[in-house]
Amino acid sequence: GTLSITPAALSITGANATATYTGLAQTNSAASVSGLKNSDSFTISGYGVGTNASTTAYADTLVATPVAGTLASNYTISYTNGGITIGKANATVTGNSASVTYTGLAQSVSGYTATGLVNNETIAVLTGVSASGATGTNAASYTNTMSGTDGNYNLTLVSGTLTIGKANATVTGNSANVTYNANSQSVSGYTATGLVNGETIAVLTGVTASGATGTNYGSYANTVSGTDSNYNLTLVNGTLAIAKAALTVTGANTAATYSGLAQTNSAATVTGLQGSDNFTITGYGAGTNYRATAYADTLVATPVAGTLASNYTISYTNGGISIGKAALVVTADNQTRIYGNANPTLTYTVTGYVNGEGASVLTGAPSISTTATNTSNVGNVTITAAANTLAASNYSLSYANGTLSITPAALSITGANA
């Protein structure tokens, strides 16, 4: 008879493998073999292979090749192909960002970077990805928006930002230094430093200066306020400084003559008055008696209603009044006598007293003398007036001579009766 040996059933089943995109070719390398007899063995080939991510598997086309000593004819081989499914890798795409300062010109940022790319790939592989770019001039934030997809990567899209920060500038209120003139005086406006690209204060539409106005001595603030969208502003107030005007009060140097009454220096010139301002001047030098030096002023300027002394720096030049002596004339009185007689008592008269004064203001006595004797011939002989001890503190003394008239004596001649 015959022993018929039929082929054994050999089943080769490929595995269903999953992998993540690596940028390299990946192969399904597992299959199960069932039905082998004795020490038979087969080499399995034809595994599915692929590189890019795909939603469908790269399928096996399995082939069992007997190794030496194994006869494929002893088997009926059935195949169940598996495959390898390559999923997308994860990557993050970030739009480029930039932080800059306002320049008055358009500034931009563009492009993007990526992390998570495999096998040293660069963003060149991300052909479906784009960055909008961001462009701006004024201080603000502008978005560099990411969009797109990729066949091999699950992308996390992060937009970038162009941040234009404010530039720094200093705004200074205008100042002025003026002198009090009795009128309202003002300063207004402001200047700025740090503005860019040739910009002027015209761009600072949110900034104002209060201006400063004043009339009287003092400081008045020109206050700067406001903000600006493109500048961080340092605000510095200005000042209107009104300085005091110079006022000069100059006393006269007056000469007067002793009158027996108090006399006052009553003249002074005032220079530097502004507008309708006025001052009353007091403190004039005053005195009654003769003095070798002047009665000096101690001048004081007192503002009248509506005038503020605080608006002036006042300087004084004091004058004074000098009281000179009045003039007294001491006159020897004229006398008459007869030849041969003794001289009469010699007297004098004082003239020039003021304010009802009299001889009580005198001390001492003058010298009144003549050279005439009882033998002096008929005629006129001088009676001399001289100072001697006569004095008066408030008077200057002058002397006038008198005249002694000597008249003839009576001579009777009587003849005898012979």
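Start with the whole chain in cartoon view: the secondary structure consists of 47 strands and zero helices. The radius of gyration is 67 Å, well over the 22 Å that the globule rule gives for 418 residues, so the protein is more spread out than a compact globule. Keep in mind that this is a predicted model.

**Whole chain**

Align the view to the principal axes. The C-alpha trace spans about 265 × 40 × 30 Å along them.

Next, colour by contacts. Taking contacts between residues at least 6 apart in sequence, 62% join residues at least 24 apart.

Switch to a surface. The protein exposes about 22300 Å², and carbon and sulfur atoms supply 51% of that area. Of the 418 residues, 29% are buried.

Now select the charged side chains. There are 7 positive and 10 negative charges in the protein. The mean position of the positive charges and that of the negative charges are 20 Å apart.

**Stop one: Asn265**

Select Asn265 and show its side chain. Asn265 sits in the loop that runs from strand E33 (263-264) to strand E34 (268-271). Is Asn265 buried or exposed? Its relative accessible area is 0%, and because the cut-off for buried is under 20%, Asn265 counts as buried.

Add Ala252 and Gly320 to the selection, with backbone atoms shown. What does the side chain of Asn265 reach in Ala252? It reaches the backbone oxygen of Ala252, at 2.8 Å. The side chain of Asn265 also reaches the backbone oxygen of Gly320, here at 3.4 Å.

Then extend the selection to the other contacts of Asn265. Apart from neighbours within four places in sequence, Asn265 touches Ala252 and Thr254, then Tyr284 and Gly285, then Asp297, and finally Gly319, Gly320 and Ile321. The two residues whose backbone oxygens you have just displayed, Ala252 and Gly320, are thus part of this contact list.

**Stop two: Ala209**

Move to Ala209, which belongs to strand E25 (residues 207-209). The relative accessible area of Ala209 is 23%, which makes this residue partly exposed.

Which residues are in contact with Ala209, leaving aside its neighbours within four places in sequence? They are Gly189 and Tyr190, together with Asn222, Thr223 and Val224. Display these five as sticks around Ala209.

Finally, draw a distance between the C-alpha atoms of Ala209 and Ala241. These two residues are 32 residues apart along the chain, and their C-alpha atoms are separated by 16 Å.

Note on methods:
Residues are numbered from 1 along each chain as its sequence is written. This is a predicted model: local features need pLDDT of at least 70, side-chain atom pairs count only at pLDDT 80 or more; totals for chains, interfaces and linings use all residues. Side-chain values use heavy atoms; hydrogens and water are left out. Helices (H or I, at least four residues) and strands (E, at least two) are DSSP runs, numbered from the N terminus. The radius of gyration is taken over C-alpha atoms; the globule rule is 2.2 Å times the number of residues to the power 0.38. Buried means under 20% relative accessible area, exposed over 50%, partly exposed in between (1.4 Å probe, protein chains only). Contact means heavy atoms within 4.5 Å. Accessible areas come from the Shrake-Rupley method with a 1.4 Å probe; for residues, only the protein chains shown count as cover. Lys and Arg count as positive and Asp and Glu as negative; His and the chain ends are not counted. The place of a charge is taken as NZ of Lys, CZ of Arg, CG of Asp or CD of Glu. A polar contact is a pair of N or O atoms within 3.5 Å; within protein, one must be able to donate a hydrogen and the other to accept it, and residues adjacent in sequence count only if both atoms are side-chain atoms.
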